[in-house]
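This briefing introduces a protein to a reader who has not met it before. Please look through the sequence and the structure first, and then turn to the notes on overall make-up, helix contacts and aromatic pairs.

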Amino acid sequence: IVSRSFTQHCVRSTQARTLLASYARSVSSPEHYFIHLLQLSPRFRETLIPDALRGVIWPHSRRSAQHPLTLDAAGTSAHEQAAYLARIRASRAIFLRKLRSHSSLIPRLLDHDRRRVPANASAAHRAYADAVRLHLALLIA
C-alpha cells in the first residue's frame, strides 16, 4: 500500500519520470519500477518493508526457470497443492502467484489463514473485508 505523498511523488517528480523512461524497454518494469523509485528516494526509503509478502514457488527444471509454477494447474494433485499451501503458510506471504483461477481452493484457504475470511465466504463478504482493511491502512498512513 502506498501513501498519498508517494503517489504524488510518482506523478510530479522529475526523478520518477526519468526512471520511468529508463524502464520503457525493461522486461518486467511494473514489478521493479515502484520499488526502485522507493529505494532511490531518501524521503520514502525508510518506509520499505524488506519482504515482498508474496508466495511464489519456482520450479527446479531448467526449462521453465523464468516462470513460476501454477499452483492450481490442471493435473496438480491434491497432495501437491497441500504441499504448496504448507510452504506458503510457513512464509509470511499474503499474495499468491501464479494461479489459474482466483476461485480455486488455495487462495481461499490462505485468505482464511491470513485475513480470517472464511474459506466459504461470498464474493461480497471478501470485498467488504478488503474495503475495511484498505480503510484501516489509509487511516494508518
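Two residues are in contact when they have heavy atoms within 4.5 Å of each other. With this meaning, His 9, Cys 10, Val 11 and Arg 12 in H1 meet Thr 14, Gln 15, Ala 16 and Arg 17 in H2. The model described here is a predicted one.

**Overall make-up**

- The protein contains 7 helices and 2 strands.
- Read from the N terminus, its elements follow the order α-α-α-α-β-α-β-α-α.
- Of the 141 residues in the protein, 27% are buried.
- The accessible surface of the protein amounts to about 10300 Å², and carbon and sulfur atoms account for 58% of that surface.
- When contacts between residues at least 6 apart in sequence are considered, 44% of them join residues at least 24 apart.

**Helices H1 and H2**

- The axes of H1 and H2 come within 5 Å and cross at roughly 65°.
- The residues that form the contact of H1 with H2 comprise 3 nonpolar, 3 polar and 2 charged.
- Ser 13 is placed in the loop between H1 and helix H2, the latter spanning 14-22.
- Ser 13 has a relative accessibility of 10% and therefore counts as buried, since buried means under 20%.
- From this loop position, the side chain of Ser 13 reaches the backbone nitrogen of Gln 15 at 3.0 Å.

**His 9 and its surroundings**

- His 9 belongs to helix H1.
- Its relative accessibility is 16%, so His 9 counts as buried.
- Apart from neighbours within four places in sequence, His 9 is in contact with Gln 15, Ala 16, Leu 37, Ser 41 and Phe 44.
- Among these contacts of His 9, Gln 15 and Ala 16 also appear in the meeting of H1 with H2.

**Aromatic pairs**

- A search of the whole structure yields 3 aromatic pairs.
- In one of them, the rings of Phe 6 and Phe 44 have centres 5.2 Å apart and planes at 75°, so this pair is edge-to-face, the class for planes over 60 degrees apart.
- This pair links distant parts of the chain, with Phe 6 in helix H1 (residues 4-12) and Phe 44 in helix H4 (residues 42-45), 38 residues apart.
- Phe 6 and Phe 44 are both buried.
- The rings of Tyr 33 and Phe 34 have centres 4.9 Å apart and planes at 75°, so they too form an edge-to-face pair.
- Tyr 33 counts as buried because its relative accessibility is 7%.
- Phe 34 counts as partly exposed because its relative accessibility is 42%.
- Ring pairs join Tyr 23, Tyr 33 and Phe 34 into a cluster.

**Ile 35 in helix H3**

- Ile 35 lies in helix H3, which covers residues 29-40.
- The relative accessible area of Ile 35 is 36%, so this residue is partly exposed, a class that lies between the limits of 20% and 50%.
- Ile 35 and Leu 48 are 13 residues apart in sequence, and their C-alpha atoms are 8.3 Å apart in space.

Conventions
Residues are numbered from 1 along each chain as its sequence is written. This is a predicted model: local features need pLDDT of at least 70, side-chain atom pairs count only at pLDDT 80 or more; totals for chains, interfaces and linings use all residues. Side-chain values use heavy atoms; hydrogens and water are left out. Rings of Phe, Tyr and Trp (its six-membered ring) pair if their centres lie within 6.5 Å; planes under 30 degrees apart count as stacked, over 60 as edge-to-face and the rest as tilted. Helices (H or I, at least four residues) and strands (E, at least two) are DSSP runs, numbered from the N terminus. Buried means under 20% relative accessible area, exposed over 50%, partly exposed in between (1.4 Å probe, protein chains only). A polar contact is a pair of N or O atoms within 3.5 Å; within protein, one must be able to donate a hydrogen and the other to accept it, and residues adjacent in sequence count only if both atoms are side-chain atoms. Accessible areas come from the Shrake-Rupley method with a 1.4 Å probe; for residues, only the protein chains shown count as cover. Axes are lines fitted to C-alpha atoms, for helices over the stretch in contact, and angles run from 0 to 180 degrees between N-to-C directions. Ala, Val, Leu, Ile, Met, Phe, Trp, Tyr, Cys and Pro count as nonpolar, Asp, Glu, Lys and Arg as charged, and the others, Gly among them, as polar.
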